Amino acid sequence: MIGTFAVCGATSSIKRLTCLGGGKVARDRRFGYNRRMRLAGSRARFRAYAYGLVTTGIVLTFALAEWWSERFVADRSRVAGAAVEIAIVVLATLAFTPIHRRTEAAVEGAFTKKRREARAALLRLRSELTSFDDAAQLLRRLMEALAEHMGATRSAVYMRNDGYAAEASSYDCPVEHVEATDPLVVRLRSSAEPADPRALRSQAPGELAFPMMASGVLIGFLALAPGRIEYEPEDCRSIATLVEAAGLALLALNPKLRAHECRRNNLPRMLTSFIGRETEIAEILALVERHDLVTVVGPGGVGKTRATLQAAVPLLERFEDGVWVVRLAPLSSGNDIPAAIAHDMGVRLSSKGDTLEALVETLRDKHALLVADNCEHLIEPAARVIAAILQGCPKIKVLASSRQSLDVAGECIYRLDPLGLPIRDDLEHLSAADAMRSPAVRLFVERAATLDRRFSLNDETAQTVAEIVRKLDGVPLAIELAASKTLALTPAQLSQQLDERLLLLAGTGGDLVPRQRTLRALIDWSFDLLADEERAVLLRLAIFAGGWTLESACAVCAENDADRERMDDVLGALVSKSLVFVDPFGEERRYGMLFILRRYTRERLEGSGNIASIAARHARYYARFVASLAPLVASLEDARWQHALAREIGNIRAALDWAIVQGNDVDTGLRLLAHMEWPELVTTPQQAIRWFDAAKASSGTIDALTKARALRHHVRLEWLVGRPIDGREKLALEALAVARASSDPDEIARALGNVGSIYRDGGRFEDAERLFAQAYQAPEALSTLSVNDVLRNWAIANLQHGDLDMARRRFSEVASRERPGSEAHASALLNLGELEFAADNVAAARAAAAKARETFAQLNAAPLALAVCNQAAYAMAVDDLDEARDHLREALSLLKKSGARWMITALEHHATLGALVHENERAAALLGFTNAHYASSADTRQRTEQFGYERAMRLLSNVYAEDELARRLSAGAGLTAEEALEHAAAISRHIQRPAASAAT
């Protein structure tokens, strides 16, 4: 028995150790080289062999120990044998991991040493290159070194000789000539990074190409195909430095190359990749072909300098006398511009006479491109110098960058916008793949990954990164500065920091001039260049949130009539200096400001002490603006009203926050709210009701009619967000009392209708009927809007009470009176659909719900979620479960975003779907949850929901005994809202097909 036990124990122990070894090997294979490197071929195989031998040795040693312990047990006591076996298991377990670690260290050390030696060999060769006196010998030694030390199977060196010709190659069939316009050549001119000829669809061979640069000119490149070893970043850097040194050595040995090099340029070497401007660069190049002067304008940090430099690279072959960059930012006087141009172009000017005339005379016969960078602070002298050069030098072209145009005859202006942002409004469900379609996101990710190789974008971080680049308006400089913070901050922390300290983003790159090292310094630079009048208006414009028109700017920012007359000119000046932009779409000119600049100017406005008076003008203007839309409300033009108001919703939010939430001018805020007839159409019900809650809690001296209107909207919003019926009744009765005090027949009728609707929802149909009759006793004295509102609510009461004929008549009358395409017309159609469903006309119900849904979607109205829920209910009624599932998933998404009152409705329909597809446990839990809601809120189910509830209960009664079903319903009543949503999401995500049609 003891021997058998020992053998079994040994066998199981060996299995455990073998699994442990295999798990170790698997983990190392999965994670080891993801940290620093990925090596193929011999390195991975050698590691596997080493681990296998070590594991085999340990297992054999353990087996011998087991055999010896078995003999020991046979000769001695059972207790001693068991103790020996336990000791062997413990020792083997403790020894296994350290032995494997030592093995791994030995393998890593052997290979790391080999790679270090290879890089050291390349470094020695680099220092020896200047000793070669024969170009062919140098090339041969270069290629031999790459094959010997870096495992390159083939390589080729191309040098610039009227194109790029193969000087040496180990390819069987080398490409003899690579054009200067080849995509690989264009890429290598602008980046120090290795490039993949295959990915660029280049004519050049190989899998990696390294540039040879001299004085900013690409004189050649090396292309190679790695062998079994995949290069580490350190390997690529070693090869790149060797190739660069080889190019310089070849330049010294080859007179023909030196002759080419005489046509120098001073373009800086681009050390980072250029992202997201392919279309813009192509457009700039096309303009340079057609115009002598092209000025790239845009706000600070948008990338004007980089765009002009990038556009200049493909033009190197176009101009015989080169491409020359003149940086004007360091200059403090316009008198220094001619001398700076001469210095940067490497030409000498006569010491006598005017320097500008001497410059023009020197450049008269040259064929060159002049890139004038950062002209804005010396705009007038820069324009004068450039105009003189263009007039006197017919073969010179100028590509300039500036915050504003130069205003020179023949100037072509190209406005450079920020990088494209993620186009999806729903960032919550943005995937990494969708986010990477945005150039702004790609820039952030690449810069962050350059600094921290562990950084990568995934579906979890895509939303946060998209929020970051949106907060930064897609401005490249701001994005690069933000990306530099990912070494210390997670994307979520960075997003929060941007909210709190946006203007404190700072970079430490040595290539940044001082004004570009912080966003504040960059904006200070632009702000200080403004005239006093422009500076004052720009500060006042910070009060706007979401843009403005000329009319609103005059009303808010002008101190007097003279200022109003000048406002158009001042705005034009700010637009020309790229501090304000014009929205090209829409029927009227609309202006805006980048969010970063608005934060800056807002801070300065607050510090000036004038913000209270400007905010008061702003709030009063938008109160008047909303009131001016009353004719659209009266004529049932809610779509046009929504369109007009949606453009100003940011300003309305800001006005309400200042007037009501901060308590600065409650009466103005109440007047604005009173004319917000359908606030949920331009914002979410939750946000809108916060405004009304704040107004209700504040004391104001507003007139009764205005207060009655505001209270009426408040009652509707409380219904939309699903507040308890008791609180709604109290507010509705207060609104009715104020409406009667106003003596306005429309307000009295609609207030009566609101109270009647609350009584209807609570099942008090007789009280509701009485109030609706009072509201409708003099319809000829009411507006069309009021008549339709009362009739619709009355018809809903008829439907719920079972009077289908009367409900149909009233719904039809409302539908005929409402304007097709309006929210009210869509609501009438939705109600008619519920009526048809109650009458068992499911096809008619589905058609009506589909039409209502279409209108709600166009208006982006909150009842869209209800229409989708009804579509799901009608689909389930005819057992179209796939369609029902799709609708319910959409409804959940809509309700999570809008927060409207129909979440309980959606959960009930999920319960019905769950019962139909045998998700019985989840269905019972959801029914218990919704039952608890109706019990606590004193609300009642609508006819459609009642039908689904009764059907689900019948199905569950066939599955569970009465006491078991009651227990499950009771358990469901204790769910949290988050747990209920998880059950619903699981039901609509997975449908298990029933074997046969479910019994109803």
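The following exchange takes up one sheet and several salt bridges in a predicted model.

The model is predicted, with local features needing pLDDT of at least 70, side-chain atom pairs counting only at pLDDT 80 or more, and totals for chains, interfaces and linings using all residues. Residues are numbered from 1 along each chain as its sequence is written, and side-chain values use heavy atoms, with hydrogens and water left out.

Visitor: In what order do the five strands of the open sheet stand?
Guide: Strands here are DSSP runs of E with at least two residues, helices being runs of H or I with at least four, and both are numbered from the N terminus; two strands pair if DSSP finds at least two bridges between them. The pairing in this sheet is parallel, and β7 (323–327) and β10 (411–415) each have a single partner strand, so one side of each is left without a neighbour in the sheet. The order is β7-β8-β9-β6-β10.

Visitor: Which residue of β8 is the bridge partner of V326?
Guide: Strand β8 (residues 369–373) pairs with β7 in the parallel sense over five bridges. The bridge partner of V326 in β8 is A372.

Visitor: What angle does the direction of helix α10 make with that of β7?
Guide: Axes are lines fitted to C-alpha atoms, for helices over the stretch in contact, with angles from 0 to 180 degrees between N-to-C directions, and contact means heavy atoms within 4.5 Å. Helix α10 (residues 337–345) packs on the sheet and touches β7 and β8, its direction making with that of β7 an angle of about 140 degrees.

Visitor: How many residues apart are R750 and D789?
Guide: The side chains of R750 and D789 meet in a salt bridge at 3.6 Å, N to O, a salt bridge being a side-chain nitrogen of Lys or Arg within 4 Å of a carboxyl oxygen of Asp or Glu. R750 lies in helix α31 (residues 745–761) and D789 in helix α33 (residues 784–801), so that the pair links distant parts of the chain, and the separation is 39 residues.

Visitor: Are R750 and D789 buried or exposed?
Guide: Buried means under 20% relative accessible area and exposed over 50%, with partly exposed in between (1.4 Å probe, protein chains only). By that rule both R750 and D789 are buried.

Visitor: What separates R770 and D767 along helix α32?
Guide: R770 forms a salt bridge with D767, their closest N and O atoms being 3.8 Å apart. R770 is partly exposed at 43% relative accessibility, and D767 is partly exposed at 26%. Because they are three residues apart in helix α32 (residues 765–775), the separation is about one helical turn.
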